[in-house]
Amino acid sequence: FAGLWHKALPEVVSSNHTSSTSLDDMEEDEPNKIRDDVQRLLTGALKQLEVVKGDKVTRGFVCGKTRTYFRAGALELLEAERLKSLGLHTVNMQRVIRGFVARVKFLKLRKAAIISQSRGRRVVARKKFKRARKACILIQCWLRCIHAGEELVTLRRNRSAAMIQTHWRMAVAITMLKKSVKSAAIIQAMVRGSIQRPIFRKQLKEAREEAKLENQLKALQRKLEEAEARRIEAEQRAKEAAENPPPAVNTTHQANVSETVASAQPAQQTE
């Protein structure tokens, strides 16, 4: 009964109903609020059953504390109004659904029509394009043939001059190449000589120093070998002298032996 519920009826609103912020007042006013809502609803729904006699208005219902009592014909009127409202809502729902179904069908048909049209236009455009391309290819082929014939005539006329120019340029290029190669070889030889000459001088100096050091080393080795031979000979003589002692001690021979041993020891240390 949402369509029959007129909540803003000033004559139905209870004058004793006041707003309060406390929870206790809200709990106490809850039954009053429910009764006021019921009165608003039924007053709007049963407006046709009101009977006015003088200053007295007789309604089609009476609200008690916990129940509501209806007069004769009130429930039938409410049921009829409910069915009427449901019928209106059903009609609206059917209208929306039918519109949706029709819209979907229309969109499908429009899409199919657009696809068919696009395919047809594509076929027609492809045929036109193929015809135009074929004509363009024929024209291009004809023009290329004419241009190629003209180029062929020009090439035949200029062939002899081109051959002479080619041989002449080749001869000039070969002559220049030979001169360039000769000049480059001379320049490279001079540059390599200027680069390698200081290196060769340095290496020659190092080789001479190495040869000088090798000669000195050989001389020292020869002296060392001679000193080693003298030492061994002196030891053998000393050993023989120890095995066969002479009658008198020769101080001069012992001094020579000690000098030989002393000269051999520095040579070993140097090696």
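**Fold, core and surface of the predicted chain**

Read along the sequence, the elements of the chain follow the order α-β-β-β-β-α-α. The model described here is predicted. In total, three helices and four strands are present in the chain. Of the contacts in the chain between residues at least 6 apart in sequence, 58% join residues at least 24 apart. The chain has 271 residues, and buried residues account for 9% of them. Its accessible surface amounts to about 23600 Å², and carbon and sulfur atoms contribute 60% of this area.

The interior is considered next. In soluble globular proteins, nonpolar side chains tend to be buried together. In this chain, the largest nonpolar core consists of eight residues, namely Leu42, Ala45, Leu46, Phe61, Cys63, Ala74, Leu77 and Leu78. At least two residues of this core come from each of three elements: helix H1 (23–45), strand S3 (61–63) and helix H2 (74–243). The largest contribution is that of H2, which supplies three residues. One member of the core, Leu77, can be followed through its contacts. When residues up to four places away in sequence are not counted, Leu77 touches Ala45, Leu46, Gln48 and Leu49. Ala45 and Leu46, two of these partners, also belong to the core.

Nonpolar residues are also found at the surface. Met93, Ile97, Phe100 and Val101 form a nonpolar patch there, and their accessible area together is about 420 Å². Val101, one of the residues of this patch, lies in helix H2. The relative accessibility of Val101 is 38%, and this residue therefore counts as partly exposed. Helix H2 thus holds a residue of the surface patch, Val101, and also supplies three residues to the largest core.

The cysteines were examined for disulfides. The number of disulfides found is zero. For Cys141, the nearest cysteine sulfur is that of Cys145, at 4.2 Å, and Cys141 is in no disulfide. A disulfide requires two cysteine sulfur atoms within 2.5 Å, so a pair at a distance of 4.2 Å does not qualify. Cys141 has a relative accessibility of 44% and is therefore classed as partly exposed. Cys136 is likewise partly exposed, its relative accessible area being 42%. Cys63, by contrast, is a member of the largest nonpolar core, and the residues of such a core are buried.

Notes:
Residues are numbered from 1 along each chain as its sequence is written. This is a predicted model: local features need pLDDT of at least 70, side-chain atom pairs count only at pLDDT 80 or more; totals for chains, interfaces and linings use all residues. Side-chain values use heavy atoms; hydrogens and water are left out. A nonpolar core is a set of buried Ala, Val, Leu, Ile, Met, Phe, Trp, Tyr and Cys residues joined through side-chain atoms within 4.5 Å. Buried means under 20% relative accessible area, exposed over 50%, partly exposed in between (1.4 Å probe, protein chains only). Contact means heavy atoms within 4.5 Å. Accessible areas come from the Shrake-Rupley method with a 1.4 Å probe; for residues, only the protein chains shown count as cover. Patches are made of residues with over 30% relative accessible area and no salt bridge: like charges are joined within 9 Å, nonpolar side chains (Val, Leu, Ile, Met, Phe, Trp, Tyr) within 5 Å. A salt bridge is a side-chain nitrogen of Lys or Arg within 4 Å of a carboxyl oxygen of Asp or Glu.
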